[in-house]
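Here are my notes on the model you sent, set out as numbered points. Please read them with the structure open beside you.

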Amino acid sequence: MRTETAPIVRLEDYRPTDFLIDTVALDVILDPTATMVRAELSLRRNPDGRADAPLVLQGDELTLHSIALDGTPLATELYLADPQGLTIRGPLPASFNLTVETVVNPSANTKLMGLYRSGGNYCTQCEADGFRRITYFLDRPDVLSVYTTRLEAERDDAPLLLANGNLVESGDIPGGSRHYAVWHDPHPKPAYLFALVGGTLDTVAEDFVTASGRKVEIAIHVEAGKRDRAAYALDALKRSMRWDETAFGREYDLDVFNVVAVSDFNMGAMENKGLNIFNDKYVLASSDTATDADYAGIETVIAHEYFHNWTGNRITCRDWFQLCLKEGLTVFRDQEFSSDERSRPVKRIADVRTLRTQQFAEDSGPLSHPVRPRTYREINNFYTATVYEKGAEIVRMLRGLIGAPAFRRGMDLYFERFDGTAATIEDFLSCFAEASGQDLAHFAQWYEQAGTPVVTASGEYEAASGTYRLTLRQSTPPTPGQPIKKPMVIPIALGLVGVSGEALPMVTTNEASVDEDGLFVLDTDAATITFTGLPEQPVPSLLRGFSAPVRLEATLSDDELLVLFRHDSDPFNQWQAGQTLATRHIRAMMRGERVGATFGEGLGHFLDRYATNDPAFAAQVLALPSEADIAREIGRDINPTAIHEARLAVKRALGAELAPRLKALHAALRSADAYSPDAASAGRRSLRNTALDLLAGGAPAEGETLAAAQFDQADNMTERFGALAVLALIPGQAREEALAAFASRYRDNPLVLDKWFALQAGIPEEAILDRIAELARHPAFSMGNPNRVRSLYGSFAMTNATQFNRDDGRGYDLIADTVLALDPRNPQIAARLLTAFRTWRILEPVRRGKAEAALRRVAATQGLSPDVSDIAGRSLD
Ligand code: ZN
């Protein structure tokens, strides 16, 4: 076997297809090992294509059974078929019907792309290019067709038969044990949105009446026996549907909306038209099995997939380079939804944490790429934090720049003008340019230029004249293929704060520079804003609400940061000031400097003020910056152990200093009420767990006792698992007993055991490799299930910084070996795991050498998938 290096696909090479497929009639005879797929395609030449080109359809691991053109079997010399494609040469009529029968084996499908089996059921995954694993097709997003799907199966094997669209017919097949169902989807769609499901599933369903009075049956289907954990997902779905009507004027457009939860799924979920298929991790929840974070994740993903119905499905992407057109926009929409449903500032802080940990990390290393890439080898490797999260930030900046009313008008225009089409980023931006009257050409650079811009700020105050001059500069570091960067359009929301917290007037000499909401747009390398009439020296509060996805470097003193931490009217910057102070403390600790008590005192005051009236916010402030965030701040010669130890030392000091307060908080936040996943209750639990964690840092014995008690008494997973997470960091008998008790209590619940795998994989101790080896032999573990692999190996590689980056290189070897073992079975998951090496270049030399060696070993292996070969290759470039 040799490694297949996939050819490079380039945006500039885009050209329309030579044929169009108007309708697709599928007849699928489900069978565990030999499913017969009969596809009848009505084709015609594309007026925009080449007039004499042959018909070339894609396939992947297909077996052709028969082929007919306009009802007549096609002579063998007229076509060429292999598992990877079907080509028909010779003269073809201007329009014709092609009937193709293929046979696929869903049981042997371990890639989980195309038609596969999960939990004894049949399901599909077609994005990005899985439909070609079901039948030969023009498998690209700009070919839109109307689908009719007939499914047939043994009634006992698959009592439930679902496909896209509305059910038009169903019944028994006379004289036997088989039945069928016919589904029709009137909305033309690309093949990646096709889906079918067959099997035995439990259902919760309800009617939903849309704003204009249409009745829709909405249903969540889960594997047998899991029905009692589906209620929250259904509730989140109803709220999502209502929200899209109010916030964007978008109604649902079919008679049914089905969500199916399966236990084997490569990603989070998939927005197939009218038939979303979910990783069951994002559907199943009960107070005993799911944490508040799980509930929030379900709400987000249910909303995300539902919102795709308009942003992704009704308007889809012309080609995969435009992936952010649907993903960035839909993430923006789901973030807005959750902000409206919960606390907006807390949601913003959580989203920025994710952006920094995932996207900034990706953007600072060898895998950095533009939000709209110009080339790719393997599209499955571009479902990234950059496309999703930075893509969402671009949409948010756009709204900030043109204002909410113009943004909404632009969205309305986009829906009106591009409904039913496969669009581009240019199409999208043109609507906002038109709605706002602004030229967005320079702004569009955000889609093209990779890397995280750095904004530096410095201020000068002249007391005599009451003048403050604020100078802002930007630069973007080089990224692969983009050595030289241009200035970006960076919206900077700002305010000036007086030492006792009052908002100072913002009068500038140049009227146009800062608008009445405090927005300044930095679109050149540098700019100076001159504020006048200031009664005192201001503290600048910059990038309020994280108004742009940049790294801000401001030369503020600790005292100035404390002013913002105490008084900033912008909660995001209040939180940010605390994080910056904490990072400074940790870095000072690394240099062996003594750190003062200022931050601890500040935190104490903060808790007194916010712990009771905004516990969710307080919890965010109390949580120290992560090791990965500190590593990125330092940026070079990283020794993860040094960071870990310094962070731990600061945590110990803060925990000790605040111990009485933390203990009191932990006691006071105990609730006697029955569990409810609402944001306010979740906020209290979040602060309670964070307080316990910090306390255990400062007073381990006391922390251990309190955690053990909380573990035993908790009536919900958030508190039970929060306690277990604290215990997991304290070696000894209590920890092992709690871990064993947890495993035995949840031995039949793989999703809960995933938490147990993940928690242990993150333990920062030398002996962790033995523990991981043992966990890999646990009966609940399986290399075939993506959730298990992510929980054990993914958590180790992504959250256990000291052990993944061991200086003996054994952490890297473990992940390299796992990637190689997984690759033949599931290349997408293998490639994803390999991205754990994405920051290897900023390590200190010894670790860097070991990481590089492991990467080179992977890259040199024969027979790699295109997925892994692409990540290994780019990581080493
Ligand atoms: Zn999406």
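1. How many disulfides does the count come to? The count comes to zero. Keep in mind that this is a predicted model. A pair of cysteine sulfur atoms has to lie within 2.5 Å to be called a disulfide. For C123, the nearest cysteine sulfur belongs to C126 and is 10 Å away, so by the 2.5 Å cut-off C123 is in no disulfide. Seen from the other side, C126 has the sulfur of C123 as its nearest cysteine sulfur, at 10 Å, and is in no disulfide either.

2. Are these two cysteines buried or exposed? C123 has a relative accessible area of 1% and is buried. C126 is also buried, at 0% relative accessibility. The cut-off behind the word is a relative accessible area under 20%.

3. Now the chain as a whole. The protein chain contains 27 helices and 32 strands. Its radius of gyration is 28 Å, close to the 29 Å that the globule rule gives for 877 residues, so the chain is as compact as a globular protein of that length. The C-alpha trace spans about 90 × 65 × 60 Å along its principal axes.

4. Two further figures describe the packing. Of the 877 residues, 59% count as buried. Among contacts with a separation of 6 or more, 71% are between residues 24 or more positions apart.

5. Which residues supply the protein donors of the zinc ion? They are H304 and H308, each through NE2, and E327, which is listed twice through OE. These donors lie 1.9 to 2.8 Å from the zinc ion. In sequence, the donor residues follow the spacing H-x3-H-x18-E. H304 lies in helix α2 (residues 292-307) and E327 in helix α3 (residues 323-341), so the pair ties together parts that are 23 residues apart in sequence. Both H304 and E327 are buried.

6. Why is the arrangement around the zinc ion called irregular? The angles subtended by the four donor atoms run from 52 to 161°, and this makes the arrangement irregular. A tetrahedral label would need all angles between 85 and 135 degrees. For comparison, the ideal angle for four tetrahedral donors is 109.5 degrees.

7. One sheet to trace is an open one of eight strands. Its order is β6-β5-β9-β3-β2-β12-β15-β14, and the pairing is mixed. β6 (72-73) and β14 (166-172) stand at the edges with a single partner strand each, so one side of each has no neighbour in the sheet. Within this sheet, β12 (residues 145-154) and β15 (residues 178-189) pair in the antiparallel sense over nine bridges. To find the register, start from S145, which stands opposite K189 in β15.

8. Another open sheet has five strands, in the order β28-β30-β26-β25-β32, and its pairing is mixed. Here β28 (507-508) and β32 are the edge strands, each with a single partner strand, so one side of each is left without a neighbour in the sheet.

9. Strand β25 shows both senses of pairing. With β26 (residues 467-475), strand β25 (residues 454-462) pairs in the antiparallel sense over nine bridges, and E462 stands opposite T467. The hairpin of β25 and β26 has four residues between the strands, and G466 takes a positive phi near 65° in it. With β32 (residues 551-554), strand β25 runs parallel and is joined by four bridges. V454 has R551 as its bridge partner in β32.

10. A last residue to look at is E704, which is found in helix α17 (residues 700-713). E704 is partly exposed, with a relative accessible area of 23%. Which residues is E704 in contact with, leaving aside its neighbours within four places in sequence? The contacts are L727, I730 and A734. L692 is 12 residues from E704 along the chain, and the C-alpha atoms of the two are separated by 9.2 Å.

Technical notes. Residues numbered from 1 in each chain as written. Predicted model: local features only at pLDDT ≥ 70, side-chain atom pairs only at ≥ 80, totals over all residues. Heavy atoms only, no water. Donors = N, O, S within 2.8 Å, 3.2 Å for Na, K, Ca; no water. Tetrahedral: all angles 85-135°; square planar, octahedral: opposite > 155°, others 65-115°. Helix = DSSP H or I, 4+ residues; strand = E, 2+ residues; numbered from the N terminus. Buried < 20%, exposed > 50% of the residue type's maximum accessible area, 1.4 Å probe, protein only. Pairing = 2+ DSSP bridges. Rg over C-alpha atoms; globule rule 2.2 N^0.38 Å. Contact = heavy atoms within 4.5 Å.
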